[in-house]
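Colleague: Please take a close look at one part of this model, the sheet, and then place that part in the chain as a whole.

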Amino acid sequence: MNQGLYIGKRNEFIDRFTQSSAELRLLAKGDGTEVMFQTVRANETVFIEPGKVKETMEFFYILEGEIRIDTDNGQSIMKQGDYFYTNYLDKTVEFNTLTDVALLYVSTQPLFGYISETIRDLTEIAKKVEKKDSYTHSHIQRVKDYAAKIGNRMGLSKEKNQNIVFASLLHDIGKINVPDEILNKPGRLTDEEFEYIKRHPGDGAEMVKKTSYEYIWQIIEQHHERIDGSGYPHGLKGDEILIEAKIIAVSDTYDAMTTDRPYRKGLSSIQAVEELKRLSGIHYEKEIVDVMMNILIEEGVIE
Ligand SMILES: [Fe+2]
Ligand SMILES: [Fe+2]
C-alpha cells in the first residue's frame, strides 16, 4: 500500500485489463475506493450494474469523446467535461459511446478485480472458441448485433435486451469442450460426435453460472432449442423456450448459414432467409423471422 504522497505518470497504472473494444486501468485505490481510467471505442454499449454492495457510488467524468445515456426523461448527449454518477443503484443502467471515449471512473467499492476477472475469463474463452470453431472473428459480433436489433424492434424490456447482448456474446463458450476435429468436421457427424456438440449449450450455461452473468444461463442453455421440440439439449417446445433464446437462435442460424466455413461456402442472404422462412413456425418463432427479414430488407441486404 502506498502511504503519503504518490505520483503517477501517464501510462502508469496498478493493473489493467483490455478487451477488443475497451480498456480499464486501475490508477489508485485506498480505503475501498478505486480510481480508474476507462477507454471505450465508438458504438459500444457499456453497462453499469448494481454493485454487490448496495452502498456503492460510481462516478464517471468524460475526459474525451461523446456518449449518449437514455434516462426515463429521454436521451442525454454528454461530452468532454460532463459527468454522471450512480448511487445505491438498484437496476442496470447503460450508456452508448458515440465516439471513442475516455473516462475517469471512480467507485466507492472495489470493482476492478471483480469486473476484470469475470469479463477476462469469459471473453478469453469466447475468443478461444472463435478460433477453434474457425468462424471469422466477427461471427459473435454479428450474432449480437442482429439479435439486439430484433429485440429492440420487438419492444422487449431493457433488461431482456441487455440479456440478449450478453448471452449472444457468450452463447457458444461451451464449445470449448468439443474436440476440434468434431467442431470442424466436413460433412455429416456420427451420432456419437453429435452428442458432443449437443453438450455445448449446457456446458456454457454451467460456465456462466460461476460468474456475475449467472442470470443468463438459461438463454445460453436454450439457444439450440427449436419451437417444435426438435432442438437440443432438452427438446423444449414453444413457450418453454425464453424469447431471448429464440431470438438468438434466429440470429445465430442466419449468420452460421451465410458464413463461409473452411469446408463449404456460405449461403447467400436470400437463400438463408428462404431457409428461415421455410422453418418459420416450426423451428423458429414466426414473428422473429419476420422481424429479422424486415431488418435485412431495410439494411438493403436483401430485397
Ligand atoms: Fe451454439
Ligand atoms: Fe454461434
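Modeller: Start with one strand pair. Strand 6 covers residues 66-71 and strand 9 covers residues 93-97. The two pair in the antiparallel sense, over 3 bridges. Within this pair, Arg68 of strand 6 stands opposite Asn96 in strand 9. Keep in mind that the model is predicted.

Now widen the view to the sheet. Strands 6 and 9 belong to an open sheet of 4 strands. The order is 4-9-6-7, and the pairing is antiparallel. Strand 9 therefore sits between strands 4 and 6 in that order, just as strand 6 sits between strands 9 and 7. The edges are strand 4 (45-48) and strand 7 (74-79). Each edge strand pairs on one side only. Neighbouring strands of the sheet are turned against each other by 25° on average, with direction ignored.

Next, the chain around the sheet. The chain has 10 helices and 10 strands. Its radius of gyration is 21 Å, close to the 19 Å that the globule rule gives for 303 residues, so the chain is as compact as a globular protein of that length. Along the principal axes, the C-alpha atoms fill a box of roughly 65 × 40 × 35 Å.

Burial and contacts finish the picture. Of the 303 residues in the chain, 28% are buried. Take the contacts between residues at least 6 apart in sequence: 63% of them join residues at least 24 apart.

Methods: Residues numbered from 1 in each chain as written. Chains lettered and ligands numbered in written order. Predicted model: local features only at pLDDT ≥ 70, side-chain atom pairs only at ≥ 80, totals over all residues. Rg over C-alpha atoms; globule rule 2.2 N^0.38 Å. Buried ≥ 20, exposed ≤ 12 C-beta atoms within 10 Å, placed from the backbone. Contact = placed C-beta atoms within 7 Å. Axes fitted to C-alpha atoms, helices over the stretch in contact; angles between N-to-C directions.
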